[in-house]
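Reader: Hey, I've just opened this one and don't know my way around yet. Can we go through it together?
Author: Sure, ask away.

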Amino acid sequence: MSDILSRVINVTSEQLSVEASEIRPESSFQADLGAASLDLVELILAMEASFDVKLDDDAATKIKTVQNAVDF
């Protein structure tokens with residue numbers, strides 16, 4: 001598992017209160033992990049802080065799965 005994938009899974013697990021073992025690259029934040037709209041905003045903010053990046057709104061709306069976040 002890549003370091004980036006591990007970090008995305010850890011942030012996702014912490015923010016969404018989901019066991020890391022249940023999170024896969026193909027997991028959809030909403031459909032599979034139960035994230036609501038506000039959860040997604042908080043998750044994006046946490047990932048920005050963790051990776052020291054800034055996502056514009058257009059890029060953020062395209063992140064639907066764990067793999068999307070890793071690819072970004």
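Reader: Leaving out residues up to four places away in sequence, what does serine 13 touch?
Author: This is a predicted model, and in it serine 13 touches Val18, Glu19, Ala20 and Ile23 once those sequence neighbours are set aside.

Reader: And where is serine 13 found?
Author: In helix 1.

Reader: Is serine 13 buried or exposed?
Author: Buried. Its relative accessible area is 17%, and the cut-off for buried is under 20%.

Reader: OK, what about serine 28, buried or exposed?
Author: Serine 28 is buried too, as its relative accessible area comes to 18%. Its place is not in a helix but in the loop between helix 1 and helix 2.

Reader: What does serine 28 touch, not counting residues up to four places away?
Author: Leu33, Lys64 and Thr65.

Reader: Let me zoom out. How many helices and strands does the protein have?
Author: Four helices and zero strands. Going along the sequence, the pattern reads α-α-α-α.

Reader: How compact is the protein for its length?
Author: It is as compact as a globular protein of that length, because its radius of gyration is 11 Å and the globule rule gives 11 Å for 72 residues. The C-alpha trace spans about 30 × 25 × 20 Å along its principal axes.

Reader: How much of the protein is buried?
Author: Buried residues account for 36% of the 72 residues. As for the outside, the protein exposes about 4,500 Å², and carbon and sulfur atoms supply 50% of that area.

Reader: What share of the contacts links residues 24 or more positions apart?
Author: Counting contacts with a separation of 6 or more, such pairs make up 51%.

Reader: Which residues touch the most other members in the largest nonpolar core?
Author: Leu16, Phe29, Leu33, Met47 and Val66, out of the 20 residues in that core. Helix 1 (3–16), helix 2 (37–51) and helix 4 (66–71) each supply at least two residues of the core.

Reader: Which helix gives the most to this core?
Author: Helix 1, with five residues. There's a general tendency behind cores like this: in soluble globular proteins, nonpolar side chains tend to be buried together.

Reader: Let's pick Met47, then. What is methionine 47 in contact with, beyond its neighbours within four places?
Author: Its partners are Val8, Val11, Thr12, Phe29, Asp52 and Ala69.

Reader: Tell me about valine 8. Where is it found, and is it buried or exposed?
Author: Valine 8 is found in helix 1. With a relative accessibility of 1%, valine 8 counts as buried. Apart from residues up to four places away, valine 8 touches Met47, Phe51, Val66, Ala69 and Val70.

Reader: And Ala69, where does alanine 69 sit?
Author: Alanine 69 is in helix 4, and at 11% relative accessibility it counts as buried. With neighbours within four places left aside, alanine 69 is in contact with Val8, Phe29, Met47 and Ile63. Its C-alpha atom is separated from that of glutamate 42 by 14 Å, and the two residues are 27 residues apart along the chain.

Reader: Asp52 came up as well. Is aspartate 52 buried or exposed?
Author: Exposed, at 71% relative accessibility. Aspartate 52 is found in the loop between helix 2 and helix 3 (57–61). The C-alpha atoms of valine 8 and aspartate 52 are separated by 13 Å, with the two positions 44 residues apart along the chain.

Reader: What about the phi of aspartate 52?
Author: It is positive, about 55°, although aspartate 52 is not a glycine. In general, most residues other than glycine have a negative phi.

Reader: What about the phi of serine 17?
Author: Serine 17 has a positive phi of about 55° and is not a glycine either. Serine 17 lies in the loop between helix 1 and helix 2, and at 68% relative accessibility it counts as exposed.

Reader: Last topic, charges. How many positive and negative side chains are there?
Author: The protein has 5 positive and 14 negative side chains, and the centres of the two sets lie 4 Å apart.

Notes:
Residues numbered from 1 in each chain as written. Predicted model: local features only at pLDDT ≥ 70, side-chain atom pairs only at ≥ 80, totals over all residues. Heavy atoms only, no water. Rg over C-alpha atoms; globule rule 2.2 N^0.38 Å. Buried < 20%, exposed > 50% of the residue type's maximum accessible area, 1.4 Å probe, protein only. Contact = heavy atoms within 4.5 Å. Areas by Shrake-Rupley, 256 points an atom, 1.4 Å probe, with all protein chains shown as cover. Lys, Arg positive; Asp, Glu negative; His and termini not counted. Charge placed at Lys NZ, Arg CZ, Asp CG, Glu CD. Core = buried A, V, L, I, M, F, W, Y, C linked by side-chain atoms within 4.5 Å.
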